[in-house]
4 protein chains.
Amino acid sequence: MLRVGIIGGTGYTGGELLRLLSLHPKAEIVVVTSRKQAGKPIDTAHPNLKGLVDLCFEDVNPSQIAEKCDVVFTAVPHGAAMAVVPELLGGGTRVIDLSADYRLPVEIFEKVYGKKHEDPRENMYGLPEIHPEVRDAMLVGNPGCFPTGAILAAAPLVAAGVVERAVFDSKTGISGAGQDPSPVTHYPNVAENVNPYNLTRHRHRAEIEQELKAFDESVKTSFTPHIVPSTRGILTTAHIFVNQELTSDEVSAIYEEFYNGKYFVRMNKPSLAAVRGSNFCDIAFEIDQGTDRIVVVSAIDNMVKGASGQAIQNMNIMFGLDERTGLWTGGLSP
Amino acid sequence: MLRVGIIGGTGYTGGELLRLLSLHPKAEIVVVTSRKQAGKPIDTAHPNLKGLVDLCFEDVNPSQIAEKCDVVFTAVPHGAAMAVVPELLGGGTRVIDLSADYRLPVEIFEKVYGKKHEDPRENMYGLPEIHPEVRDAMLVGNPGCFPTGAILAAAPLVAAGVVERAVFDSKTGISGAGQDPSPVTHYPNVAENVNPYNLTRHRHRAEIEQELKAFDESVKTSFTPHIVPSTRGILTTAHIFVNQELTSDEVSAIYEEFYNGKYFVRMNKPSLAAVRGSNFCDIAFEIDQGTDRIVVVSAIDNMVKGASGQAIQNMNIMFGLDERTGLWTGGLSP
Amino acid sequence: MLRVGIIGGTGYTGGELLRLLSLHPKAEIVVVTSRKQAGKPIDTAHPNLKGLVDLCFEDVNPSQIAEKCDVVFTAVPHGAAMAVVPELLGGGTRVIDLSADYRLPVEIFEKVYGKKHEDPRENMYGLPEIHPEVRDAMLVGNPGCFPTGAILAAAPLVAAGVVERAVFDSKTGISGAGQDPSPVTHYPNVAENVNPYNLTRHRHRAEIEQELKAFDESVKTSFTPHIVPSTRGILTTAHIFVNQELTSDEVSAIYEEFYNGKYFVRMNKPSLAAVRGSNFCDIAFEIDQGTDRIVVVSAIDNMVKGASGQAIQNMNIMFGLDERTGLWTGGLSP
Amino acid sequence: MLRVGIIGGTGYTGGELLRLLSLHPKAEIVVVTSRKQAGKPIDTAHPNLKGLVDLCFEDVNPSQIAEKCDVVFTAVPHGAAMAVVPELLGGGTRVIDLSADYRLPVEIFEKVYGKKHEDPRENMYGLPEIHPEVRDAMLVGNPGCFPTGAILAAAPLVAAGVVERAVFDSKTGISGAGQDPSPVTHYPNVAENVNPYNLTRHRHRAEIEQELKAFDESVKTSFTPHIVPSTRGILTTAHIFVNQELTSDEVSAIYEEFYNGKYFVRMNKPSLAAVRGSNFCDIAFEIDQGTDRIVVVSAIDNMVKGASGQAIQNMNIMFGLDERTGLWTGGLSP
């Protein structure tokens, strides 16, 4: 059994790690931290897990955690992970960080997030369909939710060298904003509404560019996110402008080859319902006949494939398990 | 491995049986029927299960199914189950019927559903927290969704002999209306709305009365359902009028004793989120000080504890498995 | 033209007063206060009103407002109205208070709200269908949202002397919780959920009892509110237990006589959609044959008939206008 | 008083015409047709209008309608308007058609809608901010909902000659699909979901191209619609690629000049709430610094500015009224 720790267990990604790990046959949760709720049973923060997870939150330091664990998930705000990761790694445990701290090269991180990086080291971008080398990493930077959906939608075509420009228009459920109430998450502001935000400057854009330009330096990318009335899920519409005419069969072949053996990517009509609560990324496309545009659509659950599920997928790979272990469940539909 | 068949696999309860059974370590789905979709892969009707269930729908007759299966779930409309159940039982398989056909004594069924029963036999009401004798049944009538939530909320107090009157005011998600579109399920009619219906005469009332009056013949019951803007879930508010003063501790003790060892009933603040996709029934209560009223609230997922999950719980019990097998998952919250 | 002032113009009830008054042919908004947003255009807080209301918020004291206005709406939190109302009345203006400060007799107010009343005077409960004497009042306590729906549903039967017990089970949209974000209003906690709260002890119960017991001192009342996934609207299900058998025609006659000439109460299938944005209260009922129960259902928009619309209806009556002036609009359906 | 007729009064656009015209001080509804509901009161189809519109549906022929009316709205399916419009016009009445029959040149209509046009005549595209010449028209083709939002978002920049490519990604409420239930409108398929459809080939694209290419023949346009969980509203995100660098002030000036005196277009942060139930189109933009992209966002209520409200705006203009008459109401927010 893998001994697993979670730093920051009260939030949405922490809760989702707990929910998923409670189903994992090869992992045992041994410590879950929370400063504010230390001593309280985990089900006071996550009543859905009553009866399933019988631990209490603890307030312990990273080196104590490192001793007890084979792997630690850091589910803390951006900037907070870098304060604990060195000590965890120093204690010999492997780390999967769900914050943005280790996704980007240090100089890009500092520019995008506007703060100095206190633990500069090489980034390891944990999108396992594209970076199987996570297998050997001690530290993985788990991807952002928007980049996961956007990169998986466009990567096959970009890697094929046929893309000039990719315009990503993403629609996300509100859980990506976390569990702290704010005007952005206030029900009357979300329901029956669509809220575009950061129209041109969302921080996740750097991850998208990093990964797609690694395939083709010349590709131009744009990204605009919107909040839609849903708790979970991201549907990304990629308006892709290509430099040559492609048939539908050719595009299908490109995707099938690229994702051959990647269990969690399905060529399947995208809908938030079909992936809800699951680790799948569903993708479909349509060619805009007579023009240079292909519309590719992807759907993920932002809290699973876009966060905690992908983190566990990385854990499985890092420890030589089948990547599906504990994650092979269908979406909760309807 | 239990060999399992599903008659009627394209609807919501059929889909939910498939989703849950795909996670069950001791059951193997061997046949799933659909007349209309025979020959098509199951994921054409249930895209969420693509990659998880690799069968096609079949159009085969009950006796063929009985041969292949240890147990068959009939997920068909009211009145249709009685047309196949005799042949299934005759073939030696055990049957869990998700329709209303075998929940009530024949004479009550005929009165409530306004049709002649073609397969009169003794009913076996499959609410396992109350009827552990499902263990030995060849045929179980799986309870209705509203009755499951209502009965579990009130049974301990009724069994304690303290209840004069129980007024059940239930709020259900729309999936209970099935997957066929109608004005009742039309998004603009459901969203941002509350739709009371069958204010005094819902057919599920007969199940509620049957089970509660078995504890105390003198109890008076009323039931009014409402549709709220949710896909899944039923929250039932039971306004219970008692014949004696009770303290909160006394009521707690009554519930804890009644549900001792019943894993799927939790004394837990009820919310549709905490039980979503899971087989739990969460219950809480509050005493209206200085009056004769106790308000008890229960929450279930109508498609799981209110239908397919409870059916699998019955299967587990009927075949000597731990009742939690394949069902021990937390709610998908948020 | 009536000169109208609003104290507290940035919240939901203030915004709704502004929206409705901008359509009123006989009223002119002359001052709208806000301490925090003083100097800013009203459409910074209410972008829906851009182009329609061209004032700025002001920070002025009550006596200055009284000078300019024929009538002032106080749309402030409970406890804050009593701090400004004496000065407004002293300045000769009439006042419609949307807080709870003047709805109850002082001794009841102090008990229910747990604070001393700083401006004790006789309450004038501004439910105009029941209290036409608001016509002559200098100060009106505008009713709470839940009481409006509950009282209008039950009053005719209670006044007819046939009711033993009325159990009100109310389902409200979340806007009743105001525009300040909190866990209660957090989208992931509200959507696809039902949240019962204050199961037995909501403060609005005092208003319901006050009004119904004025018709029949012996009537027993209970009240349990729930939050449903909607921004606006309250649907109240009144489970009414009667002391004699009544036919449907008899009940119809009781309601039609009671509400004869009351334009805003319609015998109309209740739905939040049909009253959305309007000042109507729609009511229907069904007799539970063979029992002592009648189920009566009412629907209102909590922000209009349950707050700002009813306040303007009171204004119309107080100033001798047709009560429909500026309010005679159909619900925004769907 | 303008005497107004409505052909097809039972659907969503018919209902919205009735709701809005009931507020119009210069128009009187004299006839509303429905074949199926002839003889029934209008509030049986539209309970929100009970007490406000006291007519019955009639089944009368176009020439009878023409006699009674100064103007007739045809709120019928595509292809059905052309069967009645010639007779209406022959009877001397003016016509505003809410179907697609008169929006496009005949040859384009026949290609896009795949049917022969039975009443070929010159189209008059009734987007009044762009075509003030509706003033003199006997027949106006009222624009589609998506084109209204898309064209108003992009027209100023296209007219300025600076646009190379405009990619419209639209998010619509489901009411655009009408009031007939279907899998597309089934609550469990819509709620907590995003449904892209007609990814590259929606019929409204022809209207968008027609109007934008009239300003600049060289502009390239793409259009992809999505259904989001909302009843009303369309938010359109226009990813606009320009051929020169523009400052934010320059773009502001372009929009302000273009929409100078156009009351229903506001430069206002777009949100479906702020325009709900109103005839406004709210627009904002952001320049993607250092790239060739400007993101422009517009919001309308698809049933008002995208259909019935715009039709009444056209009526006002055609009959020399202030275009705001009966339409000058703020959005129902929240």
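Put chain D on chain A and the fit takes a rotation of 180° with 0.0 Å of shift along its axis, at an RMSD of 0.0 Å; the least-squares superposition uses C-alpha atoms of residues with pLDDT of at least 70 in both copies. The model is a predicted one, so local features need pLDDT of at least 70 and side-chain atom pairs count only at pLDDT 80 or more, while totals for chains, interfaces and linings use all residues. Residues are numbered from 1 along each chain as its sequence is written, chains are lettered from A in the order in which they are written, and side-chain values rest on heavy atoms, with hydrogens and water left out.

Within chain D, the residue that comes closest to the rotation axis is P229(D), its C-alpha lying 3.0 Å away. The two copies meet through the same surface, because 100% of the interface residues of chain D are also interface residues in chain A.

Chains B and C tell a matching kind of story. Chain B goes onto chain C by a rotation of 180° with 0.0 Å of shift along the axis, RMSD 0.0 Å, which is the relation of a two-fold axis. Here P229(B) is the residue of chain B closest to the axis, at 3.0 Å for its C-alpha. One surface again does the job for both copies, with 100% of the contact residues of chain B recurring in chain C.

As for that B–C interface, 42 residues of chain B are in contact with 42 residues of chain C, contact being heavy atoms within 4.5 Å. About 3500 Å² is buried between the two chains, and carbon and sulfur atoms give 52% of that; the figure is the accessible area (1.4 Å probe) lost on putting the two parts together, summed over both.

The rule finds 8 salt bridges across the interface of chain B and chain C, each a side-chain nitrogen of Lys or Arg within 4 Å of a carboxyl oxygen of Asp or Glu. D169(B) forms a salt bridge with K171(C), with the closest N and O atoms 2.9 Å apart. On the chain B side, the elements that each supply at least two residues include β6 (163-172), β8 (220-227) and β9 (234-242); strands are DSSP runs of E, at least two residues long, numbered from the N terminus. The chain B residues touching chain C divide into 18 nonpolar, 12 polar and 12 charged, where Ala, Val, Leu, Ile, Met, Phe, Trp, Tyr, Cys and Pro count as nonpolar, Asp, Glu, Lys and Arg as charged, and the others, Gly among them, as polar.

Definitions and conventions: Helix = DSSP H or I, 4+ residues; strand = E, 2+ residues; numbered from the N terminus.
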